[in-house]
Amino acid sequence: MISAYLETFAGLPVTDFATSGTDASDLPPADAVAWRLACGWDDDLPFDKLWRKFLETVPADQVRAIVIGSWWGEGGYESVQPVIDRLTESAERLPALRAVFLGDVTGEECELSWLEMADVTPVVEAYPLLEEFVARGCGFGGDGPLAFRPVRHERLRTLRFESGGLPASIVRAVCDSELPRLEHLALWLGVDQYGGDATVADLAPLLAGGRFPELRHLGLQNSETQDEIAAAVAAAPVVAQLTSLDLSMGTLTDAGAEALLEGQPLTHLTALDLHHHYLSEKLAQRVRDALEPSGVEVDLSEQQQPHRWAGDESDEEHRYVAVSE
């Protein structure tokens, strides 16, 4: 479960825009922070009014980063579509905007799989100078599933989807997009139970390399098929262009680690993130011994243990990703 709000975003400290009594003279410079807008359960200011007040109070033409927290009120969970509409229709008033985070919401407010999402592509399309875009949620089982269409964007450098179940359609759309300056790509693939139906075949165009010539960080995370992904990555041409690789948060076992060790060299990386894993201590040490002497920073924290249900006659082992529901 995600338990804390963002403290920084796009290299800026996150500052909440107060929902009442805000005076422009009391605010930090508009371009010095990432502005967080969120509605509370007991607020009498729905998102539309909060957004309008924000644009009227803060020098909108100087805003560099926006973080969207909870966007619903007493009426219960609602689709993020009104937020997307406000962002897209306000593009001319926000010419300096370079980073957007949709869904800075903790598990106590709303489980990741319950966040009612929508097609987020219009936000990316509305801001041709956007450099970082992050969407959290999947809307599984609701009226608003997360969606993304292939785009061409000349300036986007960071793209991240945080989900407990990322649809294969989004993975394919990312792979079909033209993002010549993309440097950082992270996909939380999640589990099939919450709509995460992407396969290694869906990732093939990305793993083949060349699709995103400037890509330096690749995260294929939070997957219940992490061993299969690790095996594919071990022979993937894209790895040669990376400086950091993230296969964390999933169900990686000794089999996946063995595939990484037996595959192409990873000693050119500066960082390999495998935190939240199911490796034995013996395999974990082998990974360290193989990479750390070459200067690779290896994260093998949060070692997990398989779970066995009491009374299960099959004595089957269960492994879980870090974030699903």
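**Strand pairing and helix packing in the predicted model**

In strand β4, I68 is the bridge partner of L37. The structure described here is a predicted model, and this residue pair belongs to a run of parallel strands that can be followed from β2 to β5. Strand β3, residues 34-37, pairs with strand β4, residues 65-68, in the parallel sense over 4 bridges. Within this pairing, A34 of β3 stands opposite A65 of β4. On its other pairing, β3 is joined in the parallel sense to strand β2, residues 12-16, over 3 bridges, and here T15 stands opposite W35 of β3. Strand β4 in turn runs parallel to strand β5, residues 99-102, with 4 bridges between them. I68, already noted as the partner of L37, has L102 as its bridge partner in β5.

The side chains of the two central strands of this series were examined next. In β3, A34 and R36 point one way, whereas W35 and L37 point the other way, and all are buried. The charged residue R36 is thus listed among the buried positions of the strand. An alternation is likewise found in β4, where A65 and V67 point to one side and I66 and I68 to the other, again with all of them buried.

Helix packing was considered for two pairs, α4 with α5 and α7 with α8. Helix α4 spans residues 168-176, and α5 spans residues 200-207. The axes of α4 and α5 are 9 Å apart and pack at an angle of about 15°. This angle makes α4 roughly parallel to α5, because values under 35 degrees are classed in that way. The crossing of the two helices is left-handed. Helix α4 contributes A168, V171, R172 and C175 to the contact, and α5 contributes D202, L203, P205 and L206. By class, these comprise 6 nonpolar and 2 charged residues, with no polar residue.

One of the contact residues, V171, was examined individually. V171 lies in α4 and has a relative accessible area of 0%, so it counts as buried. With neighbours within four places in sequence left aside, V171 is in contact with L166, L187, L189, A198, D202 and L203. Of these partners, D202 and L203 also appear in the contact made by α5. L187 is 16 residues from V171 along the chain, and the C-alpha atoms of the two residues are separated by 8.0 Å.

Helix α6, residues 226-234, has Q226, I229, A230, A232, V233 and A234 as buried residues. The elements covering these buried residues include α5 and α7, together with β8 (184-190), β9 (217-223) and β10 (244-246).

For the second pair, the axes of helix α7, residues 254-262, and helix α8, residues 281-291, come within 10 Å and cross at roughly 20°. Helices α7 and α8 are therefore roughly parallel to each other, and their crossing is left-handed. The contact brings D254, A257, E258 and L261 of α7 against L283, R286, V287 and A290 of α8. By class, this contact holds 5 nonpolar and 3 charged residues and no polar ones.

Backbone geometry was considered last. Most residues other than glycine have a negative phi. Against this background, two positions stand out. H276, a residue other than glycine, has a positive phi near 60°. H276 is found in the loop between β11 (271-273) and α8. Its relative accessibility is 7%, so H276 counts as buried. E302 is likewise not a glycine and has a positive phi of about 60°. E302 is placed in the segment after β12 (297-299). With a relative accessibility of 46%, E302 counts as partly exposed.

Conventions: Residues are numbered from 1 along each chain as its sequence is written. This is a predicted model: local features need pLDDT of at least 70, side-chain atom pairs count only at pLDDT 80 or more; totals for chains, interfaces and linings use all residues. Side-chain values use heavy atoms; hydrogens and water are left out. Axes are lines fitted to C-alpha atoms, for helices over the stretch in contact, and angles run from 0 to 180 degrees between N-to-C directions. Angles under 35 degrees count as roughly parallel, over 145 as roughly antiparallel, 65 to 115 as roughly perpendicular and the rest as oblique. A crossing is left-handed if the near helix is turned anticlockwise from the far one by less than a right angle, and right-handed if clockwise. Contact means heavy atoms within 4.5 Å. Ala, Val, Leu, Ile, Met, Phe, Trp, Tyr, Cys and Pro count as nonpolar, Asp, Glu, Lys and Arg as charged, and the others, Gly among them, as polar. Buried means under 20% relative accessible area, exposed over 50%, partly exposed in between (1.4 Å probe, protein chains only). Two strands pair if DSSP finds at least two bridges between them.
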